[in-house]
Amino acid sequence: MSFSWFRVAVPLCVAVLSAAVAILGHSLAMPAALPAAFGVCSLVGMAFIWRDISSKMKGESRTLSSLLSQYLAVKGVGWLGRRQRRKLEADTLNVKQVQEETLLKRLQKNQHTCYGRQYDFSSIKDSDGFRARHPITTYEHYRELIRRIAVGEEKLIIAEKPLILAMTSGTSGTSAMLLSTKDTNTEFFLQGVAVCLEAMRQAFPATDSLQRTTKFFYTPTFRQSEAGIPIGPNSSTPASSRHMLNLYTTPAPAFEVPSEKDTLYLHLLFALKDPSVGTLESNFASTVFYAFTALQERWQELVEDIERGKVSSSLALEPEVKAKLEALMKPDPKRAAQLRAHFQDGFRGIAKRLWPHLHLVLAVDSGSNQIYGEMLRENYCRGIPFYSPFYAATEGLIGVNLWPQEPNRRYLLCPRSMFCEFLPESSLEEETPHTLLMEDVKEGHNYELVITNASGLFRYRIGDIVKVVGFHNQCPVVEFQYRRGQMLNVRGEKVSEALFLDALKKAVSQWPGAQLVDYCCAESGILGDSIGGSDPHYQVFIELKGVRNLTEEQRYKLDICLQQDSAVYKSFRIKGSIGPMRVQLVAEGAFKELRKQMMAFSSTSPNTFKMHRVLRRKEYANFLLGKTVS
């Protein structure tokens with residue numbers, strides 16, 4: 001149904017509704033004024049909705065039902081977002097009390113579990129009592145308990161049966177299995193999604209439209225535990241978003257395709273068909289970046305499909321799925337010609353040329369995704385704002401970004417999502433470190449987060465180091481710094497991911513024509529004798545565009561840049577305790593292949609994958625050694 005038909009359909013609907021009210025009023029013998037008044041109110045209400053819908057940017061060939069459902073969804077989430085934001089603001093005025101309430105709620109709900117009885121949750125009255133009674137924990141504390149839940153034991157840690165056994169991304173070592181509950185998901189939506197969408201609407205008013213979003217996400221593979229509990233990633237999936245799929249450019253049949261590569265092709269195909277796309281969205285900026293690299297490789301095939309109104313035969317599709325997809329296509333030589341001209345002009349700033357009304361890229365681009373956000377802004381998505389909405393993990397929602405337009409990604413800790421404790425960076429290696437609470441932390445200091453969540457983790461060290469950069473009322477605002485397990489440390493120097501990346505970017509800027517695509521490091525100890533040399537050092541694997549070789553002088557620039565940024569690293573280098581870095585230039589596409597290997601090994605979904613910046617498995621380092629070209 002085109003938009004011109006919509007202009008006829010709405011008044012027609014109003015007329016039918018008014019007639020129905022009149023007939024109903026007559027049959028029920030209502031006072032004559034009531035159905036008339038109701039009819040007038042209906043007319044006014046529908047007129048208001050029609051006027052509001054008419055004023056918003058929308059795509060071509062939208063059906064009445066899809067526009068109306070999107071309009072109602074946007075209005076509903078908007079109302080919820082404003083309500084939740086007011087609650088959040090009130091909570092930040094009394095953080096100590098809110099945190100105590102959050103903790104006691106968790107303990108009371110699980111007091112009758114085996115775990116709750118072991119630590120006598122029912123007798124704990126406040127956070128001081130909790131910290132005195134319960135030790136600080138790591139994953140090993142829960143491993144056997146979660147194994148027992150997976151085989152069917154109930155009420156061990158949490159009162160209810162978990163929705164899924166959620167696999168972590170494994171960036172700090174082996175992928176862990178955690179519990180995920182209904183409360184975790186509800187909190188993420190109410191305190192995270194709704195609040196951030198409201199912040200987005202306020203910061204970027206143009207997103208308050210009826211344009212469709214291109215969301216790059218995939219149907220993950222779940223397996224079943226012995227007790228029938230799904231095991232897989234805990235993230236937004238097409239199945240969990242099935243009632244919202246009409247908001248996206250990719251049609252539902254595309255999510256029946258098991259191959260990530262083929263699903264990505266379909267994401268791109270249906271996005272390119274729609275010139276009015278308003279937002280590009282994914283969990284992480286890396287997923288958006290991989291989408292654009294695939295677009296650069298396959299644009300000719302995609303344009304041909306749009307020109308012919310067909311889906312490429314190179315995709316491994318079931319016949320019925322292909323038929324459903326092609327039923328949504330028709331030959332569009334005009335759009336194909338536009339796209340072909342845009343691609344032939346190059347890929348720098350391509351996003352805004354393909355979609356002139358594109359307002360935003362919505363994806364997390366902090367932490368290990370910082371590099372991908374920077375490459376997107378410099379190349380494919382030049383001139384388009386980015387919003388990094390959440391600070392979250394498999395353990396649940398940690399913080400929200402209330403300042404979408406600021407370049408530094410700052411997150412307000414959500415005081416009702418988790419009970420948070422903080423380990424000062426100076427005490428991380430202590431056997432029994434003392435924790436601070438939200439009201440105790442100091443601006444400018446680094447801390448490791450210790451959380452008690454809604455799904456059975458109590459005083460749990462998640463391994464994230466954050467810096468308190470300010471306060472919103474009484475509530476800490478933090479910037480993510482690094483993961484403890486992603487730190488280079490061959491002699492006690494402790495070089496964080498952020499520190500190394502800054503040095504790498506400085507070095508790359510001094511290599512003429514070079515553009516950083518991806519990187520990771522390995523400590524020489526995991527490679528053994530395969531690389532020669534005796535002094536411990538860093539093995540650095542880099543994929544670049546624009547250069548095919550690096551001189552020894554250029555490689556050494558990276559070592560110099562890190563020495564300039566890290567006095568501790570420099571002192572070890574001067575003493576000779578740490579040898580010079582060995583920089584390996586790997587072949588184009590090496591990191592794409594590594595990504596596939598890592599996902600297969602850890603059972604991680606493309607929706608939740610994060611590149612490991614420090615490799616802890618010899619197999620991964622050996623793989624990149626085999627891809628070395630210089």
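Me: Before we get to R461, what counts as a polar contact here?
Reply: A polar contact is a pair of N or O atoms within 3.5 Å, and within protein one has to be able to donate a hydrogen and the other to accept it. Keep in mind that this is a predicted model.

Me: OK, so which side chain does the R461 side chain make a polar contact with?
Reply: That's the side chain of E448, at 2.7 Å. The R461 side chain also reaches the backbone oxygen of L428, at 3.2 Å.

Me: Where does R461 sit?
Reply: In strand β14, which covers residues 460–472.

Me: And is R461 buried or exposed?
Reply: Buried, because its relative accessible area is 15% and the cut-off for buried is under 20%.

Me: Which residues is R461 in contact with, leaving aside neighbours within four places in sequence?
Reply: I136, T137, T138, L423, L428, E448, L449, V450 and R484. So E448 and L428 from before turn up in that list because contact means heavy atoms within 4.5 Å.

Me: Switching topic: how many cavities of 30 Å³ or more are there?
Reply: The count comes to 4. The largest cavity holds about 50 Å³ of space.

Me: What lines the largest cavity?
Reply: T184, E187, F188, E395, G396, L397, S417, M418, N453 and A454. Two elements, α8 (182–203) and β10 (396–400), give two or more residues to that lining.

Me: Which element gives the largest share of the lining?
Reply: α8, with 3 residues.

Me: And how do the lining residues divide by type?
Reply: Into 4 nonpolar, 4 polar and 2 charged.

Technical notes. Residues numbered from 1 in each chain as written. Predicted model: local features only at pLDDT ≥ 70, side-chain atom pairs only at ≥ 80, totals over all residues. Heavy atoms only, no water. Helix = DSSP H or I, 4+ residues; strand = E, 2+ residues; numbered from the N terminus. Buried < 20%, exposed > 50% of the residue type's maximum accessible area, 1.4 Å probe, protein only. 1 Å grid on protein atoms, 1.4 Å probe; cavity = no way out; pocket = protein on both sides within 12 Å on 5 of 7 lines; lining within 4 Å. Points joined across faces, edges and corners; volume = space filled by probe spheres on them. Nonpolar A, V, L, I, M, F, W, Y, C, P; charged D, E, K, R; others polar.
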